[in-house]
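These are my notes for your first reading of this model. Please keep the sequence and the 3D view open side by side, and check each point against them as you go.

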Amino acid sequence: MEGMTITGMRLGLTSRLFKTVMKIFGLIHKKEGQTLIEAVIALAVAMLVISALAVLTANSVNNAKYAENKSLANNLLNKTLNEVRVVRDQQTWDTGSTPFANYPLDQCYKINLTTWQLITPGHTCSSPFSDSSCGTGATRTTNCVSSNYDCVDSPSSITSTDHDYFFCRRLELKLGPETDSRTVDVSIAWTDGSGDHVVNAVTDLTKHAL
Amino acid sequence: MNNNKKLGFSMIEILIALGIFAVISVVSLDLFISSVRATNKVRVINEVKQNGESMMSVLDVLIRNSGKIDSFSGGVCSIPPPADTNCTEIKFSNDLGIPWSVIWTKNAGLTQNGRIEIKDENNQIFVLSNTNPLSGIDVASTSCTDCGFTKLAKSNNNAPDIIKVKLVLQQGRMSPTRQDFQANIVFERTISLRATL
């Protein structure tokens with residue numbers, strides 16, 4: 001009997017303690033409901049959590065797209081450097097009718113893939129270079145044709161008819177560090193959800209065997 | 001009885017709370033899954049790209065210093081014309097007249113990746129691409145109408161030959177089929193032979 005009383009008292013104490021803790025943490029509904037400040041704080045916390053999740057997701061998507069675009073741009077850089085190398089190999093260096101070494105220096109060029117020659121618009125490359133240099137929207141292609149830049153397809157296009165002109169390319173020819181050499185400076189620019197980006201590669205071409 | 005009712009939640013309160021909780025849970029889960037999938041996609045693309053770049057740079061140097069072209073063959077080569085278009089094999093001979101070739105062997109079944117091989121004068125084969133069906137790359141043959149090795153027109157007869165290599169690289173054949181584990185990257189190189197014989 002004595003033991004049961006003690007147990008009952010212990011249970012009663014535990015129960016009161018439990019209810020107190022639950023009240024402190026707001027897990028037991030108060031008769032008067034939530035105060036305005038509680039509701040505002042709860043809403044603010046919810047908004048913060050949702051905003052943080054939204055920002056995280058947007059960043060994640062932007063980073064994924066940026067990584068993909070940068071990969072494609074680097075592909076285009078390599079492709080362009082190879083094409084210039086072919087132009088060099090298809091021409092004599094400093095003799096004949098179209099020697100490679102006779103291209104004017106510090107100029108912007110386009111590559112004619114049919115005749116394997118550089119097209120010189122006779123215009124100095126402007127700086128800085130960005131995707132907006134190629135213009136935007138419907139005028140983009142026109143701007144590129146009339147300017148010194150190329151609108152180049154994303155190399156992800158599988159078929160030859162899939163032209164999206166996603167990247168803007170600048171190709172500049174400069175005097176090389178050694179005799180009979182030329183420095184080729186290629187930049188690829190694009191714009192995506194995380195802003196304007198440019199990747200750049202520079203290589204030196206030397207006089208070839210022909 | 002009345003006291004108990006005042007202390008608890010009403011049914012409508014519980015339903016509203018559950019509804020809000022469900023909406024937030026679904027949105028959060030969706031965001032989380034999107035984030036995980038984007039991460040997977042970037043990882044797969046990077047792996048295919050790294051493998052592809054490695055393979056293409058070796059192929060680039062080999063072809064550039066290859067001596068002369070003996071023939072193009074294989075696949076849909078020259079069908080339809082022009083000649084030497086979208087082929088799967090190029091035979092070369094080096095400056096000592098020793099033959100060697102580059103071969104694009106297409107994938108077979110779900111376990112064997114399409115691959116790029118170098119065959120030497122003893123018919124010994126060296127594989128340039130990563131053939132692991134799970135972590136390697138598949139030199140894919142579907143969805144690309146103009147892939148393979150193509151001979152391009154030269155600027156004049158004395159100029160070196162030009163080869164266009166266009167390949168679509170995908171994840172290994174045994175990779176999971178889910179969209180975020182798939183990559184489809186086009187690699188294209190235009191290579192001129194430096195030593196014309």
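**Notes on the two chains**

1. I begin with a pair of strands: E8(B) and E9(B) run antiparallel to each other and are joined by 9 bridges. One pairing that you can look up for yourself is that of Ile162(B), whose bridge partner in E9(B) is Ser192(B). Please bear in mind throughout that this is a predicted model, so that every value in these notes is computed from it.

2. Both of these strands are mostly covered. In E8(B), 8 of the 10 residues are buried, and in E9(B) the buried residues number 7 out of 9.

3. E8(B) has further partners that deserve a look. E6(B) is antiparallel to E8(B) and joined to it by 4 bridges, with Ala140(B) finding its bridge partner in Val168(B) of E8(B). Strand E7, residues 148-152 of chain B, is also antiparallel to E8(B), here through 5 bridges, and in this pairing Lys151(B) is matched with Ile163(B).

4. Now turn from the strands to helix H2 of chain B, which covers residues 11-64 and therefore has 54 residues; from its first C-alpha to its last it reaches 78 Å, close to the 80 Å expected at 1.5 Å a residue. Its buried residues include Ala38(B), Val42(B), Val44(B), Ile45(B) and Val48(B), and further along the helix Met55(B), Met56(B), Leu59(B) and Ile63(B) are buried as well. When you read such a list, it helps to know that an α-helix has 3.6 residues a turn, so residues three or four places apart point the same way.

5. What do the buried residues of H2(B) pack against? Within chain B, they pack against strands E3 (99-105), E4 (115-119), E6 (137-140), E8 (162-171) and E9 (184-192), and from the other chain they meet helix H2 (36-90) of chain A. The strands E8(B) and E9(B) of the opening points are thus among the packing partners of this helix.

6. Taken as a whole, chain B has 2 helices and 9 strands, and along the sequence both helices come before the strands, in the pattern α-α-β-β-β-β-β-β-β-β-β. Its radius of gyration is 27 Å, well over the 16 Å that the globule rule gives for 197 residues, so chain B is more spread out than a compact globule. The box filled by its C-alpha atoms, taken along the principal axes, is roughly 105 × 35 × 25 Å.

7. Two further totals describe chain B. Buried residues make up 32% of its 197 residues, and of its contacts with a separation of 6 or more, 56% are accounted for by residues 24 or more positions apart.

8. Chain A has 3 helices and 6 strands, and its order along the sequence is α-α-β-β-α-β-β-β-β, with one helix placed among the strands. Of its 210 residues, 26% count as buried, and 52% of its contacts between residues at least 6 apart in sequence join residues at least 24 apart.

9. Is Thr120(A) buried or exposed? The careful reply is that Thr120(A) is partly exposed, because 14 other C-beta atoms lie within 10 Å, whereas a buried residue would need 20 or more and an exposed one 12 or fewer. Thr120(A) is found in the loop between strand E2 (117-119) and helix H3 (140-146) of chain A, and, leaving aside residues up to four places away in sequence, it touches Tyr103(A), Pro104(A), Gln107(A) and Tyr109(A).

10. His197(A), which is found in strand E6 (residues 195-206) of chain A, is likewise partly exposed, with 17 other C-beta atoms within 10 Å. Not counting residues up to four places away in sequence, His197(A) touches Lys70(A), Ala189(A) and Trp190(A). Its C-alpha is 13 Å from that of Asn63(A), although the two are 134 residues apart in sequence.

11. Where the chains meet, the contact takes 30 residues from chain A and 32 residues from chain B. On the side of chain A that touches chain B, the residues divide into 11 nonpolar, 13 polar and 6 charged.

12. Finally, a word on confidence: chain B averages a pLDDT of 86, and 94% of its residues score at least 70. The model as a whole scores ipTM 0.72 and pTM 0.74.

How values were computed:
Residues are numbered from 1 along each chain as its sequence is written. Chains are lettered from A and ligands numbered from 1 in the order in which they are written. This is a predicted model: local features need pLDDT of at least 70, side-chain atom pairs count only at pLDDT 80 or more; totals for chains, interfaces and linings use all residues. Two residues are in contact if their C-beta atoms, placed from the backbone, lie within 7 Å. Ala, Val, Leu, Ile, Met, Phe, Trp, Tyr, Cys and Pro count as nonpolar, Asp, Glu, Lys and Arg as charged, and the others, Gly among them, as polar. The radius of gyration is taken over C-alpha atoms; the globule rule is 2.2 Å times the number of residues to the power 0.38. Two strands pair if DSSP finds at least two bridges between them. pLDDT is the predictor's confidence in each residue, from 0 to 100.
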